[in-house]
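Subject: Structure for you, with notes

Hello,

Here is the structure I promised to pass on. Please open it alongside this message.

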Amino acid sequence: MSLLSPAESTTAALTPAGTPTVRARRLRVQYGEQLALAGINLDVYPGEVVALLGHSGSGKSTLMKTLTGIAPFTADMLDVAGRSVARQNPAGLRELRSDVGYVFQHFNLVPRLTALTNVLTGGLHSAGPLNMLGTFSRAQRTMALELLDRVGLAHKAKQPCRSLSGGEQQRVAIARALMQQPRLILADEPVASLDPRLAGNILGLLRDIAREEQIPVIVSLHVVGLARRYADRVLGLHSGELVFAGPANTITEKEVHQVYGTDTELLEN
């Protein structure tokens, strides 16, 4: 018997063939009396962008935290990048987290350091003994410069991040995530502090990376229009429950109401 709901079964039929990077079955998180995630089923495949929609407190960030073992959970299955999250010891969790690139709403860069140095920090896990010396190899520096070029900022490699615009800082953060050579990217409200034009640029960049590098991206958003334009699939969460799962371009106003209530302005932009 399938563990997927009808909506998810339809979605699964439309997703790429192959081995999912993320596979969750009956994923559940509870804090005391509060049910944060109520039995979520999810497959995420290489090359696709999956948008999480929902109000603050709906379970979007909690879902992301479970994928790297930060939030306590129970599940019939939770596999990420070929590893069972529940079976990892502390060293295994560190390895798992090195396979997952994170992009944050407020960038989490070191403002006084250059763009290049901030990107290099994404390679700390693989730097080995050099990490203890606070230095990086020539190969890593070359890779960091290539990644800055990939996000259109090679010409600002030597500028401190505090001198960059918000959109530029988020591009540096994406390059830093790529420096990990991740198998999955989690982007938690990455455009919430950007204007609509810059938001589109950042989401377009993440979509291109997913396609070209075959790195799946899970991105939490508030604006449905952005999810429709830049995501392949949408998961709509309300009070920890999955109330919509389907192709991004099929979500209707009725289904938006299930996710957000009467906040139809979230359809815009």
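Below is what turned up, sheet by sheet and then residue by residue. Please keep in mind that this is a predicted model.

**The six-stranded sheet**

One open sheet has six strands in the order β6-β7-β8-β3-β9-β10. Its pairing is mixed. The edges are β6 (100-103) and β10 (241-247). Each has a single partner strand, so one side of each is left without a neighbour in the sheet. Neighbouring strands here are turned by 20° against each other on average, with direction ignored.

Some pairings to trace on screen:

- β3 (residues 49-53) and β9 (residues 233-238) run parallel and share four bridges. Leucine 52 has leucine 235 in β9 as its bridge partner.
- β3 and β8 are also parallel, joined by five bridges. Valine 50 is partnered by isoleucine 218 in β8.
- β7 and β8 are parallel too, with four bridges between them. Aspartate 188 has serine 220 in β8 as its bridge partner.

How well covered is β8? Five of its five residues are buried. In a regular strand, side chains alternate between the two faces of the sheet. In β8, both faces are covered. Val217, Val219 and Leu221 are buried on one side. Ile218 and Ser220 are buried on the other.

Two helices belong with this part of the picture. Helix α8 (residues 196-213) lies across β3, β7 (184-188) and β8 (217-221). Helix α8 runs at about 160° to β8. Helix α10 (residues 253-260) packs on the sheet and touches β3, β8, β9 and β10. The direction of α10 makes about 45° with that of β9.

**The four-stranded sheet**

Another open sheet has four strands, ordered β2-β1-β4-β5. Here the pairing is antiparallel. The edge strands are β2 (34-44) and β5 (83-84), and each pairs on one side only. β1 (residues 22-31) and β2 are antiparallel and share eight bridges. Within that pairing, glutamine 30 has leucine 35 in β2 as its bridge partner.

Helix α2 (residues 60-67) packs on this sheet. Helix α2 touches β1, β2 and β4 (77-80), and its direction makes about 115° with that of β1. Six of the eight residues in α2 are buried, so to speak of it as mostly covered is fair. The buried ones are Lys60, Thr62, Leu63, Met64, Thr66 and Leu67.

**Positive phi angles**

Which residues have a positive phi? Three are worth a look.

- Glycine 69, just after α2, has a positive phi of about 75°.
- Arginine 26 has a positive phi of about 50° although it is not a glycine. Arginine 26 lies in strand β1. Its relative accessible area is 43%, so it is partly exposed.
- Alanine 81, also not a glycine, has a positive phi near 55°. Alanine 81 lies in the loop between β4 and β5. With a relative accessible area of 3%, alanine 81 is buried.

**The aromatic pair**

The structure holds one aromatic pair. The partners are tyrosine 102 and phenylalanine 104. Their ring centres are 4.9 Å apart. Their planes are at 15°, so the pair is stacked. The cut-off for stacking is planes under 30 degrees apart.

Are the two residues buried or exposed? Tyrosine 102 is at 17% relative accessibility, so it counts as buried. Phenylalanine 104 is at 28%, so it counts as partly exposed. The limit for buried is under 20%.

**Arginine 176**

Arginine 176 lies in helix α7 (residues 166-179). Arginine 176 is buried, yet it has no salt bridge. Where is the nearest side chain of opposite charge? That is aspartate 188, 12 Å away. A salt bridge would need the charged atoms within 4 Å. Aspartate 188 has already come up above, as the bridge partner of serine 220 in β8.

What does arginine 176 contact, leaving aside its neighbours within four places in sequence? The contacts are Phe104, Phe107, Asn108, Leu109, Asn118, Val119, Thr121 and Gly122. Phe104 in that list is the partly exposed member of the stacked pair.

Best wishes

Conventions: Residues are numbered from 1 along each chain as its sequence is written. This is a predicted model: local features need pLDDT of at least 70, side-chain atom pairs count only at pLDDT 80 or more; totals for chains, interfaces and linings use all residues. Side-chain values use heavy atoms; hydrogens and water are left out. Two strands pair if DSSP finds at least two bridges between them. Helices (H or I, at least four residues) and strands (E, at least two) are DSSP runs, numbered from the N terminus. Contact means heavy atoms within 4.5 Å. Axes are lines fitted to C-alpha atoms, for helices over the stretch in contact, and angles run from 0 to 180 degrees between N-to-C directions. Buried means under 20% relative accessible area, exposed over 50%, partly exposed in between (1.4 Å probe, protein chains only). Lys and Arg count as positive and Asp and Glu as negative; His and the chain ends are not counted. Rings of Phe, Tyr and Trp (its six-membered ring) pair if their centres lie within 6.5 Å; planes under 30 degrees apart count as stacked, over 60 as edge-to-face and the rest as tilted.
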